[in-house]
Amino acid sequence: MKINKDLVDAIMMLSFIILVLIGTTDFDNATTKNLAMVTFGIVGVIMVILRIIGMRQEAHRTQESDY
């Protein structure tokens with residue numbers, strides 16, 4: 001499966017921006033704030049993992065094309 005690097009980068013940056021905005025906003029309910037932060041934190045971590053996998057795939061394709 002080919003991972004679209006630009007899409008992963010965009011979602012990763014967006015999730016981190018949203019985390020900052022949620023973290024600096026006052027919520028009436030702390031549980032809602034924590035749930036939103038955990039959700040976007042998980043999305044950010046998944047995007048970092050996909051970015052690493054994509055870089056490894058690209059390096060593997062480059063090595064194969066050398067032969």
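**View A. D9, a helix 1 residue.** In this predicted model, D9 is part of helix 1. Its relative accessibility comes out at 16%, and since buried means under 20%, D9 lands in the buried class.

**View B. The side chains of D9 and R51 meet in a polar contact.** Zoom in on this pair and you'll find a contact of 2.9 Å between the two side chains. The contact also qualifies as a salt bridge, with 2.9 Å between the closest N and O atoms of R51 and D9. R51 sits in helix 2 (residues 30-66) and D9 in helix 1, so the pair ties together parts that are 42 residues apart in sequence. If you're tallying salt bridges, the count comes to 1.

**View C. R51, the helix 2 end of the salt bridge.** How exposed is R51? Its relative accessible area is 24%, so R51 goes down as partly exposed. Its partner D9, at 16%, is buried. The cut-off between these two classes is 20% relative accessible area.

**View D. L21, out on helix 1.** Helix 1 covers residues 5-23, and L21 is one of them. Is L21 buried or exposed? With a relative accessible area of 51%, L21 is exposed; the exposed class takes values over 50%.

**View E. L21 and R61, a pair set apart in space.** Going C-alpha to C-alpha, L21 and R61 are 38 Å apart. In sequence, 40 residues separate L21 from R61.

Methods:
Residues numbered from 1 in each chain as written. Predicted model: local features only at pLDDT ≥ 70, side-chain atom pairs only at ≥ 80, totals over all residues. Heavy atoms only, no water. Helix = DSSP H or I, 4+ residues; strand = E, 2+ residues; numbered from the N terminus. Buried < 20%, exposed > 50% of the residue type's maximum accessible area, 1.4 Å probe, protein only. Polar contact = N/O pair within 3.5 Å; in protein donor to acceptor, adjacent residues only side chain to side chain. Salt bridge = Lys/Arg side-chain N within 4 Å of Asp/Glu carboxyl O.
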